[in-house]
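Subject: Structure for you to look at

Hello,

I am handing over the structure we spoke about. Please have it open while you read, since the notes below go through it place by place.

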Amino acid sequence: MLIQNSPKGSIEIMDGRNIVKSAGWGQWGPEDVKNLIEKVIASSKKLKPGKWAYIADPSQMDPILSKETSEAFVDLHVALDKNNCSA
């Protein structure tokens, strides 16, 4: 089930599974990662209670060259852990 499709990527819930999947494309900045965090966590609330998993597909993204963007991706992992994401 597609949750969001934007110029920077998409977020979906994998049918029949407790999995949120995102795909990104193009150049990302810290604000794009912050938006991703909000959308992934909001999407996880639509899943069954308990543990859930997150799958990222960065294959169409440009290389991350900014320190700020790299740090924002660290924040993503912290947010996933705080919100009961198991993988």
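S22 counts as buried because its relative accessibility is 6%, and buried here means under 20%. Please keep in mind that this is a predicted model. S22 belongs to strand β3, which covers residues 19–26. Beyond the residues up to four places away in sequence, S22 touches S10, I11, L36, Y54, I55, A56 and D57. The C-alpha atoms of S22 and G9 lie 7.1 Å apart, with their positions 13 residues apart in sequence.

A second serine to look at is S44, in helix α1. S44 has a relative accessible area of 8%, so S44 is buried. Not counting residues up to four places away in sequence, S44 touches V20 and W52.

Next, the two helices. Helix α1 spans residues 30–44 and helix α2 spans residues 67–82; their axes come within 8 Å and cross at roughly 15 degrees. That crossing angle makes α1 roughly parallel to α2, because angles under 35 degrees are counted that way. The crossing of α1 past α2 is right-handed.

Which residues meet in this pairing of α1 and α2? From α1 they are P30, V33, L36, I37, V40 and I41, and from α2 they are E68, T69, A72, F73, D75, L76, A79 and L80. By kind, the residues of this contact are eleven nonpolar, one polar and two charged.

Now the interior. The largest nonpolar core is made of 19 residues, and V40, W52, Y54, L76 and L80 have the most contacts inside it. At least two residues of this core come from each of β2 (9–13), α1, β4 (53–61) and α2. As general background, nonpolar side chains tend to be buried together in soluble globular proteins.

W52 deserves a separate entry. Leaving aside neighbours within four places in sequence, W52 is in contact with N18, V20, V40, I41, S44, L47, L80, N83, N84, C85, S86 and A87. Among these partners, V40 and L80 are also listed with W52 as having the most contacts inside the core.

That leaves the segment after α2, where I looked at three residues.

- N84 is found in this segment. With a relative accessible area of 34%, N84 is partly exposed. Its phi is near 70 degrees, a positive value in a residue other than glycine.
- C85 lies in the segment too. C85 counts as buried because its relative accessibility is 12%. Apart from residues up to four places away in sequence, C85 touches W52, A53, Y54 and L80. C85 and V20 are 65 residues apart in sequence, and their C-alpha atoms are 9.8 Å apart.
- A87 also has its place after α2. Is A87 buried or exposed? A87 is exposed, because its relative accessible area is 63%, and exposed means over 50%. Leaving aside neighbours within four places in sequence, A87 is still in contact with W52, A53 and Y54. A87 and K51 are 36 residues apart along the chain, with 8.8 Å separating their C-alpha atoms.

In short, W52 has contacts with S44 in α1 and with N84, C85 and A87, and W52 is one of the residues with the most contacts inside the largest nonpolar core.

Regards

Key:
Residues are numbered from 1 along each chain as its sequence is written. This is a predicted model: local features need pLDDT of at least 70, side-chain atom pairs count only at pLDDT 80 or more; totals for chains, interfaces and linings use all residues. Side-chain values use heavy atoms; hydrogens and water are left out. Axes are lines fitted to C-alpha atoms, for helices over the stretch in contact, and angles run from 0 to 180 degrees between N-to-C directions. Helices (H or I, at least four residues) and strands (E, at least two) are DSSP runs, numbered from the N terminus. Angles under 35 degrees count as roughly parallel, over 145 as roughly antiparallel, 65 to 115 as roughly perpendicular and the rest as oblique. A crossing is left-handed if the near helix is turned anticlockwise from the far one by less than a right angle, and right-handed if clockwise. Contact means heavy atoms within 4.5 Å. Ala, Val, Leu, Ile, Met, Phe, Trp, Tyr, Cys and Pro count as nonpolar, Asp, Glu, Lys and Arg as charged, and the others, Gly among them, as polar. Buried means under 20% relative accessible area, exposed over 50%, partly exposed in between (1.4 Å probe, protein chains only). A nonpolar core is a set of buried Ala, Val, Leu, Ile, Met, Phe, Trp, Tyr and Cys residues joined through side-chain atoms within 4.5 Å.
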